[in-house]
Amino acid sequence: MASKAIQIEVPAPDGSSRQVRLSSPDRVMWPDEGLTKQDLAEYVVAVGDHLLARLRDRPVTLQRFPEGITGEEFYSKNPPRGVPDHARTTPCTYPSGRSHPQLVVDELATAVWAVQMNTVTFHPWPVRTADNDDPDELRLDLDPQPGTGLAEAVAAAEMLREVMAQAGLTAYVKTSGNRGLHVFAPIRPTHEFLDVRHAVIAIARELERRVPDLVTTAWWKEQRGSRIFADFNQACRDRTLASAYSPRPLPGAPVSMPVTWEELGDVRAGDFTVRTVPGLLAGRPDPWAGFGDEPSTVDVALQWWQRDLDDGLGELSFPPDHPKMPGEPPRVQPSRARATD
C-alpha cells in the first residue's frame, strides 16, 4: 500500500511560507542506503540556500527517477505537468533549432516540487534567463578513464587551475559526485555557446600539452588510454553538468560538492553524500560563495584557439545529437575508419 501524502512547509521569498505536497514519501530512491523520497526532500530543504545559489535564474533540466535510481530514468527539459503557480519557465533554443520552455528553480518550494516529481539531479544551464544564448560560466569536466581515478583527476585539476589563471580565469572546483571533478569559471556573457566551447577546447589542449601522460582531449574512447578526459563537449548548447550540492543517482547517494583548492587533495570518494552534506555545511563556509562576483572574459582563451587554428589544429568532434558542424572531423571511430580504408 502506498504511503499517505505529506505536506512539507518551506520558506517563500517574501518571508511567508509555502506548503508543498509530497506523495509516496516512503518511496525508496537509493535502495542501498534506504533513503526515501522524503529523505531527498528534507536534504533539499537542508541545503536549500546553497543549492538555490547555483540554480536560481537558470534553465534547469531535471533528471527524474519515478521508481528510484535503479529504475527507469529520463531527463525533463519540458517542465513536468502541474508546474506550481509560483514557478516560472524560460524559453531555450536547442541544437536542432527548436525552442521550448524549461523550468527555472528560483525558490525552495520549486526545488521541493521537483523532488515530488522524482527529481534526483538538477542540471542547470550555464546561462541566465535574461540571455539564454551567451554563457556566463565556463565549465570543464575532468572524467577519469579506466585505470585512473580521483587522485589523477585532482592532479589534472590543479594543473588546469594554473592554465585557467594564465587565461585570466578564476577556477572553482567541485566533485562530480561520481569519479571525477568539475572545474568552473565565472565569465561575462559576451560570447555565444560555440565561442565558449572553442575557449574550453583551447584550455583543454593547453592542459594536454603540459601533462600529456595525464590528460587527453581525444573524443573517441579507444584513443584516450589511462588518462583523464578533459570533456570539452560539456560546453555545448543543451549540455549540462550536475549542479553543485545536487545528489547523484549512484550507490551511496553521493552529492556533487564544492571544495576549496586547499582541501582538494584530501577529498575521498564517499565524503559527500545526502546523509553527510547537511552536517558538513553547518560547520564551514560555502567554497563557492563568491562565485560570479568578478567574472572574467574568454578573450585570452579565444586567442589560444586562433593560435591553434593557425598552427593547423582544427575543430573537434561534437556530440552525436548535434548537427554536423563546419570543419568537424568525420563522425566515425578511427579504428572503423581505418578498417573501411
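In this predicted model, the side chains of Glu-137 and Arg-58 come together in a salt bridge, with an N to O distance of 3.1 Å. Glu-137 belongs to strand S10 (residues 137-144), whereas Arg-58 sits in the loop between helix H2 (48-55) and strand S5 (59-64), so the pair ties together parts that lie 79 residues apart in sequence. Both Glu-137 and Arg-58 are buried. The two residues also take part in a wider arrangement, since Arg-54, Arg-58, Arg-128, Asp-136, Glu-137 and Arg-139 are linked in a network of salt bridges.

Across the whole structure, a search finds 20 salt bridges, and two further pairs can be set beside the one just described. The side chains of Asp-106 and Arg-88 meet in a salt bridge at 2.4 Å, N to O. Here Asp-106 lies in the loop between strand S8 (99-104) and helix H3 (108-116) and Arg-88 in strand S7 (residues 88-93), so this pair ties together parts that are 18 residues apart in sequence. Asp-106 has a relative accessibility of 22% and therefore counts as partly exposed, and Arg-88, with a relative accessible area of 33%, is partly exposed as well.

The other pair is formed by Arg-284 and Glu-263, whose side chains meet in a salt bridge of 2.9 Å, N to O. This pair links distant parts of the chain, with Arg-284 in the loop between helix H6 (277-282) and helix H7 (299-310) and Glu-263 in the loop between strand S15 (258-259) and H6, 21 residues apart. Glu-263 counts as partly exposed because its relative accessibility is 24%, and the cut-off for a buried residue is under 20%.

From the charged pairs we turn to the nonpolar interior. In soluble globular proteins, nonpolar side chains tend to be buried together. The largest nonpolar core of this model holds 90 residues, of which Trp-30, Leu-138, Leu-142, Met-164, Val-183 and Ile-203 touch the most other members. Helix H5 (residues 193-210) supplies the largest share of this core, eight residues. When residues up to four places away in sequence are not counted, Ile-203 touches Leu-138, Leu-140, Leu-160, Val-163, Met-164, Leu-169, Ala-301 and Trp-304. There is also a second, separate core of five residues, among them Cys-92, Tyr-94, Trp-125 and Phe-193.

Helix H1 (residues 37-46) shows how burial can be distributed around a single element: Lys-37, Leu-40, Ala-41, Tyr-43 and Val-44 are buried there. These residues cover an arc of only 155 degrees around the axis, which puts them on the same side of H1. An α-helix has 3.6 residues a turn, so residues three or four places apart point the same way.

The overall architecture comprises eight helices and 15 strands. For 341 residues, a compact globule would have a radius of gyration near 20 Å, and the value for this protein, 20 Å, agrees with that expectation. Taken along the principal axes, the C-alpha atoms fill a box of roughly 65 × 45 × 40 Å. Buried residues make up 54% of the 341 residues, and, among contacts with a separation of 6 or more, 67% are accounted for by residues 24 or more positions apart. The accessible surface of the protein comes to about 14800 Å², of which 49% belongs to carbon and sulfur atoms.

Terms used
Residues are numbered from 1 along each chain as its sequence is written. This is a predicted model: local features need pLDDT of at least 70, side-chain atom pairs count only at pLDDT 80 or more; totals for chains, interfaces and linings use all residues. Side-chain values use heavy atoms; hydrogens and water are left out. A nonpolar core is a set of buried Ala, Val, Leu, Ile, Met, Phe, Trp, Tyr and Cys residues joined through side-chain atoms within 4.5 Å. Buried means under 20% relative accessible area, exposed over 50%, partly exposed in between (1.4 Å probe, protein chains only). Helices (H or I, at least four residues) and strands (E, at least two) are DSSP runs, numbered from the N terminus. Contact means heavy atoms within 4.5 Å. A salt bridge is a side-chain nitrogen of Lys or Arg within 4 Å of a carboxyl oxygen of Asp or Glu. The radius of gyration is taken over C-alpha atoms; the globule rule is 2.2 Å times the number of residues to the power 0.38. Accessible areas come from the Shrake-Rupley method with a 1.4 Å probe; for residues, only the protein chains shown count as cover. The arc is that of the directions from the helix axis to the C-beta atoms.
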